[in-house]
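These exercises go through one protein chain step by step. Read each task, try it on the structure, then compare with the solution.

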Amino acid sequence: MRTVRVTAKTVEAAVEDGIKQLGISREEAIVHVVEQPSGGLFGLIHKKPAVVDVSAVDEPEADDHREAPKR
């Protein structure tokens with residue numbers, strides 16, 4: 001499983017950036033919100049961005065050396 005941790009102003013922006021970095025679609029992504037963004041005091045002090053982990057499950061490799069069916 002490949003995972004990237006992304007920080008952005010919103011959760012949606014962080015997820016979009018993460019799926020672009022991994023080269024996957026939204027449907028293939030597993031998203032874990034680590035931290036929700038906050039506006040801070042009066043919207044100026046102590047602002048926190050959104051932090052998310054976006055994961056892509058690695059596909060099992062195709063077994064090209066399969067045995068022929070037994071008759």
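Buried means under 20% relative accessible area, exposed means over 50%, and partly exposed lies in between. The model used here is predicted.

**Exercise 1. The sheet**

Task: Find the order of the strands in the open sheet and state which strands are at its edges.

Solution.
- Step 1. The open sheet has three strands in the order 1-3-2, and their pairing is antiparallel.
- Step 2. Strand 1 and strand 2 are the edge strands, since each pairs on one side only.
- Step 3. Seven bridges join strand 1 to strand 3, while strand 2 and strand 3 are joined by six.
- Step 4. From one strand to the next, the twist averages 25°.

**Exercise 2. Strand 3 and its surroundings**

Task: Decide whether the two faces of strand 3 are covered or open.

Solution.
- Step 1. On one side of strand 3 are A50, V52, V54 and A56, all of them buried.
- Step 2. On the other side are V51, D53 and S55, also buried, so both faces count as covered under the 20% cut-off.
- Step 3. Seven of the seven residues of strand 3 are buried, so the strand is largely enclosed by the rest of the structure.
- Step 4. Helix 1 lies across strand 1, strand 2 and strand 3, and runs at about 30° to strand 3.

**Exercise 3. The nonpolar core**

Task: Name the residues that touch the most other members of the largest nonpolar core, and the element that gives the most to this core.

Solution.
- Step 1. The core has 14 residues, and I19, L22, I24, V52 and V54 touch the most other members.
- Step 2. At least two core residues come from each of strand 1 (2-8), helix 1 (11-22) and strand 3 (50-56).
- Step 3. Helix 1 gives the most, with five residues.
- Step 4. Leaving out residues up to four places away in sequence, I19 touches I24, S25, R26, A29 and V54.
- Step 5. As a general background, nonpolar side chains tend to be buried together in soluble globular proteins.

**Exercise 4. Two salt bridges**

Task: Find the salt bridges in the whole structure and describe how accessible their partners are.

Solution.
- Step 1. The search finds two salt bridges.
- Step 2. One joins the side chains of D53 and R5, at 2.7 Å from N to O. D53 in strand 3 and R5 in strand 1 are 48 residues apart, so this pair links distant parts of the chain.
- Step 3. D53 is buried at 15% relative accessible area, whereas R5 is exposed at 55%.
- Step 4. D53 is also the bridge partner of R5 in the sheet, and of H32.
- Step 5. The other salt bridge joins the side chains of E35 and K48, at 3.9 Å from N to O. E35 is in strand 2 (residues 29-35) and K48 is in the loop between strand 2 and strand 3, 13 residues apart.
- Step 6. E35 is partly exposed at 31% relative accessibility, and K48 is partly exposed at 46%.

**Exercise 5. A glycine in the loop**

Task: Locate G39 and list what it touches, not counting residues up to four places away in sequence.

Solution.
- Step 1. G39 lies in the loop between strand 2 and strand 3.
- Step 2. The relative accessible area of G39 is 43%, which means that this residue is partly exposed.
- Step 3. With those sequence neighbours left out, G39 touches L44 and K47.
- Step 4. G39 and P49 are ten residues apart in sequence, and their C-alpha atoms are 8.6 Å apart in space.

Key: Residues are numbered from 1 along each chain as its sequence is written. This is a predicted model: local features need pLDDT of at least 70, side-chain atom pairs count only at pLDDT 80 or more; totals for chains, interfaces and linings use all residues. Side-chain values use heavy atoms; hydrogens and water are left out. A nonpolar core is a set of buried Ala, Val, Leu, Ile, Met, Phe, Trp, Tyr and Cys residues joined through side-chain atoms within 4.5 Å. Buried means under 20% relative accessible area, exposed over 50%, partly exposed in between (1.4 Å probe, protein chains only). Contact means heavy atoms within 4.5 Å. A salt bridge is a side-chain nitrogen of Lys or Arg within 4 Å of a carboxyl oxygen of Asp or Glu. Two strands pair if DSSP finds at least two bridges between them. Axes are lines fitted to C-alpha atoms, for helices over the stretch in contact, and angles run from 0 to 180 degrees between N-to-C directions.
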